[in-house]
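Dear colleague,

Please find below the structure that I am handing over to you. A summary of the findings follows it.

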Amino acid sequence: MVEAENGRRWLRWPSEPERARLAFGADYNPEQWPREVWDEDVRAMRAAGVNIVALAIFSWARIQPREDVWDFDWLDEAMDLLHAHGVAVNLATATASPPPWLTTKHPEILPVDADGHTVWPGARQHWRPTSPVFRAHALRLTRALAERYGSHPALAAWHVSNELGCHNVYDYSDDAAAAFREWLRSRYGTVAELNRAWATTFWSQRYGDWAQILPPRLAASYPNPTQQLDFKRFSSDALKDHLRAESDILRELTPGIPITTNFMVMGETKGMNYADWAGEVDFVSNDHYLLTGPQAQDELSFSANLTGSLAGGRPWYLMEHSTSAVNWQPVNLAKKPGGLARDSLTHVAYGADAVCFFQWRQSAGGAEKYHSAMVPHAGEDSDVFRSVTELGATLAALAPIAGTVRRRAAAAIVFDWESWWAGELDSHPSSRLRYRQEALDWYSAFLAAGVRADVIGVADDLTGYDLLVAPILHVVPGELARRLEEYVASGGHLVTTYFSGIVDENDHVWLGGYPGALRDLLGIRIEEFGPLLDGDTVDLDIGVTGTLWTDRIDLTDPATEALAVYKTGDHAGRPAITLRRTPAGSASYVSTRLGPDGLAAVLPDLLNVSGVASELPAEVRGLVDLAVRTDGTDDYWFLTNRGDHDADLSAVSGDPLPGPSLAQHTTLTPGQVRILRRRPAG
Ligand code: GAL
């Protein structure tokens, strides 16, 4: 096992513990195939350079076909076979999907939706995170696997459950109600304090006893917003508690084996507060699937970047992505040539030391038979498998990258799950606001400027960044307001946007005018929000157009100036973007949604104010996505062409790393990646 500087652990590479290498592999589901196919599998894995697989993720019904019947023979054989072929295993606790005998005997483990409907078995992950009955069965299985395989030489890591919360994050059952009450009791101590926090004087909601409190089930109108926010916090915590319960057993029985679980930092998956979960695992793992649309590539980069921050800037494990099409979008497009390598290497650029796929061999039956895999339906004689093999050779050549860490950027985007949750609650000025989209738009603007920005959690260390953009930072408890004030006082440049600084941790509005908690720092005051109807726009005097939101801003501090003014709309003539300079730093406010293009036009001014500059030559700014890893001596510049025309990198010096999927020439075609080893200046 490799002990990282910050105490995080990495894979225990069974056969060659000291060798630095990137992990490469997939979810492997041998139980879906006849035994003879397994020999084909391990042969092809070797050919492709696969060195690790995730095993037994959905194998509960196979391992434990009845309550007191266990069948480990097939798994013993699979583990031995993989080990004999030099393939390590990240072994699942197999608890992700309960078997039919369990749900038949104990239907009380099934989740219940907000309307009171039971979520029946038939798909997967049909379990209540708070069910004591489910927990007992899951822990029994976890213990059985740890006892049987804890000292197996193939075992490199434990994989707790799978994508916790993918389908079952919100459960409104009676078990959930009981656990929610306990959670509230430890948060608030007394019912009186809960009444205060939930503002239950409103709509006659005052509680007299814990037993009266319910999850926010289907109600006649908007459920209490603080109740909704707390239920989101509780639901994330309930799954985290399950992760902890399985991990405790694994740590007790196999202390030398690192533990992970696959997060889903991607798209609109928002139920799990991963910034809060990251400390629970020995190394962070993520699943990411490329979405469709004009910002798909930026979204991948954004997600990988944020995952890197969850990992503390240290390497993390890409547990799943796809070689080509998925099966769960309305229309599932195959990746274009080069897409598989580009997506994989973008994750590596942002810190992944493992590149894995769902799944090894494409299923012939079941709900995911049209989801791509490393070995597609067409077999090894296919472009997909050839691309997989080429990627395997590339990752083998990139061994010097293994263990390198992120070189911190000068700018950062602050990402906050609480603001995501609270900002998008119902009964707000606009139901159209999208927290993650706004953050992504800023990220695209940084890419367009050719300026690296880390995507960091709100609890991360903010000092050291010259520029912080905190879009829609809706929830600002007093302590966070103080941190931001200190940040600016010590020379930092803060940018925030519409609907920021509005509420405290209880979702209570900071009074006296918006943006309450940040009003003085920004030197502005807003009396009323001005959300826009769909299709309505406002022009700004700097040539950009806003949608979604406007604010009627008064400048309240002589040091605050308008960087842009509304030309049209209800607030024509009033400030749209403001800047308050302080002796050492500054605080800016953007009061409308400008989208990626509008923000790209505005960001250069904000960069100028903060002194943050691009590290790239002018001719490729905006055209390449730059990520930097470092081994402490040398930097590794990952340059990915994100545009639709060639990028001339002749002005970027450094030694190119070899690898069949990597550009060796200074001309980078669209989607191509070039990695340069460089000695940092100074
Ligand atoms: C993940 C899941 C995998 C597979 C994959 C398909 O959500 O962990 O088991 O379903 O998506 O994209």
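Helices (H or I, at least four residues) and strands (E, at least two) are DSSP runs, numbered from the N terminus. The model is a predicted one, in which local features need pLDDT of at least 70 and side-chain atom pairs count only at pLDDT 80 or more, whereas totals for chains, interfaces and linings use all residues. Residues are numbered from 1 along each chain as its sequence is written, and side-chain values use heavy atoms, with hydrogens and water left out.

I begin with the cavities. A cavity is a set of points, on a 1 Å grid over the protein atoms alone, where a 1.4 Å probe fits but cannot get out, and its lining residues have an atom within 4 Å of a point. Points are joined across faces, edges and corners, and a volume is the space filled by probe spheres set on them. The count comes to seven cavities of 30 Å³ or more, and the largest has a volume of about 210 Å³. Its lining holds 25 residues, of which N305, Y350, R452, L626 and A627 are the closest to the centre. Helix 10 (296-310), helix 14 (435-449), strand 12 (453-457) and strand 22 (624-630) each give two or more residues to this lining. Strand 22 provides the largest share, six residues. By class, the lining of the largest cavity has 13 nonpolar, five polar and seven charged residues (Ala, Val, Leu, Ile, Met, Phe, Trp, Tyr, Cys and Pro count as nonpolar, Asp, Glu, Lys and Arg as charged, and the others, Gly among them, as polar).

The ligand comes next. Its shell (residues with a heavy atom within 4 Å of it) consists of F58, R124, N162, E163, D287, Y289, E320, W328, F358, E368 and H371. These divide into four nonpolar, two polar and five charged residues. Polar contacts (pairs of N or O atoms within 3.5 Å) join oxygen atoms of the ligand to the side chains of E163 at 2.3 Å, E320 at 2.7 Å and R124 at 3.0 Å. The protein covers 95% of the 310 Å² of accessible area that the ligand has on its own (Shrake-Rupley method, 1.4 Å probe).

In the whole structure, 43 salt bridges are found (a side-chain nitrogen of Lys or Arg within 4 Å of a carboxyl oxygen of Asp or Glu). One of them pairs R135 with D241 at 3.2 Å, N to O. This pair links distant parts of the chain, with R135 in helix 5 (residues 132-149) and D241 in helix 8 (residues 225-253), 106 residues apart.

Finally, some backbone details. F358, which also belongs to the ligand shell, is joined to Q359 by a cis peptide bond with omega of about -5 degrees. Q359 is in the loop between strand 9 (352-357) and helix 12 (383-397). The bond from Y514 to P515 is also cis, with omega near -10 degrees.

Yours faithfully

Conventions
On a 1 Å grid over the protein atoms alone, a cavity is a set of points where a 1.4 Å probe fits but cannot get out, and a pocket is an open set with protein on both sides within 12 Å along at least five of seven lines; lining residues have an atom within 4 Å of a point. A polar contact is a pair of N or O atoms within 3.5 Å; within protein, one must be able to donate a hydrogen and the other to accept it, and residues adjacent in sequence count only if both atoms are side-chain atoms.
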